[in-house]
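Good morning, colleagues. I would ask you to bring up the sequence and the model side by side before I begin.

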Amino acid sequence: MNKSKVVVITGASSGIGEATAKLLAKNGNKVVLGARRVPRLQEITGNITDLGGEAIYLPTDVTKDDEVEALAKLASDKFGRIDVWINCAGVMPQSLLSQKKIKDWDNMIDINIKGTLYGIGAALSYMMKQKSGQIINISSVAGHIVGPMSAVYSATKYAVRAISEGLRQEMAQAQSNVRVTLISPGAVNTELVNSITDEKIKEGTEEFYKNFSIPVDRVAETIQQSIDLPADAAWNEVIIRPTTQQM
Ligand code: NDP
């Protein structure tokens, strides 16, 4: 098993992306981090290199196609290839549709859906030429069920699921050797609730997360395991929930 893969991670400045970057680097992979908060990216890459790992970063807003392309180019220029691309950037500003939070709707659509598409587009330019690779998209349990306040978030995560399955079929049809993995976590202890703009909904969600969420490492380990699978097989879809989370 090749443990020294070149892995690009969007949304790598906190939560699942940060934990995944640290774990993959600890296991000998070269990680390329993208997100908007530069001080965070500096700190995380510094931590990784202090421990003897290889990590670089580029300030990246996934709603900007050219910045996502630049992240891919950096990975290729620096390390010569892109083995794995993880679309992890996401926001979850839950609200009722009747609240008409158009800015929040736009953000979710732009970051969760378009950001994932831009990542796929950038990664495929390299992976199709290499005839190998893996694209890992982060959906959610909310990509499988809908509830009040999460209609738009769920819609974006259903979209990530649909895009992942379409991508999987296209990659198989092209015999590209590009694997597609969709990870759908339940409640995970991260900063995600901070993207909720309605204070009451935020408080309620924080309470739910306090009671049920699992540590980020659970998801990072799942991602590492999906990468470790032999190249002729892929976990196409994984749901990882806290054992105590009902829905
Ligand atoms: P965090 O809030 O901790 O991390 C979100 C990451 O997305 C940050 O690194 C943030 O970086 C980045 N991000 C947000 N907007 C942009 C943007 N425009 N461009 C680039 N990066 C951006 O939450 P999580 O780690 O929980 O979230 C990671 C993914 O996991 C998301 O897709 C989320 O939907 C999904 N998920 C999370 C669950 C949970 O319970 N935590 C459950 C199911 C799915 P920055 O602000 O620096 O740009």
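I shall speak about the sheet, then about the helices that pack on it, and lastly about two helix pairs.

Please bear in mind throughout that this is a predicted model. For orientation, the UniProt record, an unreviewed entry, places the feature "domain: Ketoreductase" at residues 5–186. Over residues 5–186 the chain is 51% helix and 19% strand, and the C-alpha atoms at the two ends are 27 Å apart.

Let me turn to the sheet. It is open and has 7 strands, in the order β3-β2-β1-β4-β5-β6-β7, and the pairing is parallel. Which strands stand at the edges? They are β3, residues 54–59, and β7, residues 237–240; each has a single partner strand, so one side of each is left without a neighbour in the sheet. On average, neighbouring strands of this sheet are turned by 15 degrees against each other, direction ignored.

As an example of the pairing, consider strand β1, residues 6–10, and strand β2, residues 30–35, which run parallel and are joined by 5 bridges. Within this pair, valine 8 has valine 32 in β2 as its bridge partner.

Now to the helices on the sheet. Helix α2, residues 38–50, packs on the sheet and touches β2 and β3, and its direction makes about 170 degrees with that of β3. Helix α4, residues 102–130, lies across β4 (84–87), β5 (133–138) and β6 (178–185), and runs at about 175 degrees to β4.

I come to the helix pairs, both of which involve α1. In general, two packed helices are described by the angle between their axes and the distance between the axes.

The axes of α1 and α2 come within 10 Å and cross at roughly 20 degrees. That angle is under 35 degrees, so α1 counts as roughly parallel to α2. The crossing is right-handed. Here Glu18, Ala21, Lys22 and Ala25 in α1 meet Ile44, Asn47 and Ile48 in α2. By class, the residues of this contact divide into 4 nonpolar, 1 polar and 2 charged.

How do the axes of α1, residues 15–26, and α7, residues 216–228, cross? They come within 8 Å and cross at roughly 55 degrees, which means that α1 is oblique to α7. Again, α1 passes α7 in a right-handed crossing. The residues of α1 in this contact are Gly15, Ile16, Ala19, Thr20, Leu23 and Leu24; those of α7 are Val216, Asp217, Val219, Ala220, Glu221, Ile223, Gln224 and Ile227. The contact of α1 with α7 has 9 nonpolar, 3 polar and 2 charged residues.

How values were computed:
Residues are numbered from 1 along each chain as its sequence is written. This is a predicted model: local features need pLDDT of at least 70, side-chain atom pairs count only at pLDDT 80 or more; totals for chains, interfaces and linings use all residues. Side-chain values use heavy atoms; hydrogens and water are left out. Axes are lines fitted to C-alpha atoms, for helices over the stretch in contact, and angles run from 0 to 180 degrees between N-to-C directions. Helices (H or I, at least four residues) and strands (E, at least two) are DSSP runs, numbered from the N terminus. Angles under 35 degrees count as roughly parallel, over 145 as roughly antiparallel, 65 to 115 as roughly perpendicular and the rest as oblique. A crossing is left-handed if the near helix is turned anticlockwise from the far one by less than a right angle, and right-handed if clockwise. Contact means heavy atoms within 4.5 Å. Ala, Val, Leu, Ile, Met, Phe, Trp, Tyr, Cys and Pro count as nonpolar, Asp, Glu, Lys and Arg as charged, and the others, Gly among them, as polar. UniProt positions are given in the numbering used here, feature names are shortened, and annotations may be inferred rather than shown by experiment. Two strands pair if DSSP finds at least two bridges between them.
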